[in-house]
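Q: I'm new to this one. Please pick a single part and take me through it closely.

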Amino acid sequence: MAEFTYTARNAEGRSEKGTIDARDKRAAIAMLQAKGLVPIQLLPKFSGSLVSAPALKQASEAAVSAPAREKPTPVSQGGPKGNAKLGLLFAKRLLDLHSGGLSMGDSVYLLHQRLNDPKLRAVASEVWSHLREGKPFARAVEQVKGLYSRSMICLFEAGEASGDMVSILKNSIEYMEERQRIRRHVAASMAYPFFVIGVVFVLLLMFLFFMMPRIQTMIDSMGGRMNFFTQALVWLAESMVKAGPFVVIGVVVASVLVAQWRRVEKGRLITDRWFLRIPLLGRISWLSTMYQTSNLMHTLLGSGINTTEMLKLTERTISNLSIRQRFSDARTKINEGMSFSNAFRLYQLYPDDAIDILSVGENTGNLARGLQEITSSMRAALSERIRLLTVSISAAAMGTAFILVLFVALGMILSVYEVTHSIGRH
């Protein structure tokens with residue numbers, strides 16, 4: 001038997017705190033629900049004796065050997081600082097230990113004691129220090145700046161509320177790996193086209209600022225006239241010199257103003273709404289958000305958390321305020337008795353095919369399975385949109401490079417022809 005501390009909501013809506021003895025977290029949740037309480041937070045009560053000796057040995061071997069398979073992260077100066085890669089590694093190490101039967105507190109303690117990677121160990125030490133102060137795990141990892149986004153912190157809060165951190169850690173790791181996979185794919189797809197356009201741009205600058213003045217001087221001295229392509233390139237060079245600084249300053253000022261505007265809730269709501277209307281990028285943002293929310297809702301329902309808390313926790317993970325507002329309105333309708341499928345259709349949160357899957361899941365009493373199927377379809381649609389985006393950007397970059405090369409080549413050839421023609425006349 002283990003002792004857990006809990007925060008729960010009673011039938012009257014008031015919050016209650018206390019301790020309960022149960023075999024595990026699932027059993028503790030069932031006992032609280034039998035008393036008419038809705039679990040909000042359920043944490044193992046830390047005791048002086050962390051784990052038994054065999055468990056300690058097995059856990060420490062997992063904690064030490066697992067990082068050895070990863071490339072060590074360099075030491076950072078000035079205290080622990082997080083990033084996406086470090087957050088993923090920390091979540092994986094926690095899952096290795098917590099899924100083996102250790103509590104979250106014991107798992108973090110072992111990582112703090114046993115990890116070899118200096119930076120990862122510094123993060124574990126920082127999280128452990130906050131856990132010792134009595135903070136829940138989500139609040140503890142939030143103290144490490146840059147380790148996890150706000151949406152990931154909300155995921156951990158959902159795991160603590162449901163008492164099933166194993167599923168939440170798996171969900172978080174899957175989501176972070178998917179994001180890293182997408183970023184690597186986009187970076188790999190964009191590398192070659194932008195390298196080509198960069199080389200072409202350098203050649204263009206060399207032609208405009210070194211070769212072109214000499215050719216122009218020769219043509220003028222011989223009474224010749226520059227061709228259209230050469231004139232266009234000269235105009236481009238002069239425009240870059242004259243207007244370039246003002247364009248850069250304008251972009252910087254506009255970026256600062258938009259960033260300041262987004263600090264206000266109304267400004268962020270409007271800009272988030274505008275972003276969703278951008279071709280391709282807006283659709284990708286929407287698909288990414290709905291993929292995350294459907295995956296989380298499926299995980300929370302499978303963990304035994306009730307619908308009201310599941311929707312509330314899921315809403316907090318949505319970063320786009322426009323989508324969050326629509327989700328909040330749908331959540332209100334669902335709490336008033338409307339079905340999931342009708343509420344999500346009313347506020348256009350899912351496409352029609354996903355709404356049909358959701359409706360079938362509700363009618364068959366297996367909503368979690370329907371959400372799992374929607375998650376798979378959203379992932380496939382997201383991958384297809386990202387592929388289309390990378391193809392479009394690659395085509396645009398290569399097309400721009402081709403046009404620049406064509407202008408430079410024609411400008412050089414026709415300029416040389418004009419020079420030789422002028423020499424022939426003299």
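A: Let's start with Val-199, which sits in helix 8 (residues 165-221); helices here are DSSP runs of H or I with at least four residues, numbered from the N terminus, as strands are (E, at least two). Keep in mind that this is a predicted model, where local features need pLDDT of at least 70 and side-chain atom pairs count only at pLDDT 80 or more, while totals for chains, interfaces and linings use all residues. Residues are numbered from 1 along each chain as its sequence is written, and side-chain values use heavy atoms, with hydrogens and water left out.

Val-199 has a relative accessible area of 37%, so it's partly exposed (buried is under 20%, exposed over 50%, partly exposed in between, with a 1.4 Å probe and protein chains only). Its C-alpha atom is 8.9 Å from that of Ala-401, although the two are 202 residues apart along the chain.

Now for the inside. The largest nonpolar core (buried Ala, Val, Leu, Ile, Met, Phe, Trp, Tyr and Cys joined through side-chain atoms within 4.5 Å) has 76 residues, and Phe-90, Val-127, Phe-137, Tyr-148, Phe-156, Phe-344 and Tyr-350 touch the most other members. Take Phe-344: skipping neighbours within four places in sequence, it's in contact (heavy atoms within 4.5 Å) with Met-297, Phe-327, Ala-330, Ile-334, Leu-349, Tyr-350, Ile-355 and Leu-358. Apart from that core there's another, of 13 residues, including Val-200, Leu-208, Val-234 and Val-408.

Val-127 turns up elsewhere too: in helix 5, Arg-121, Ala-124, Ser-125, Val-127, Trp-128 and Leu-131 meet Gly-105, Val-108, Tyr-109, Leu-111, His-112 and Gln-113 of helix 4.
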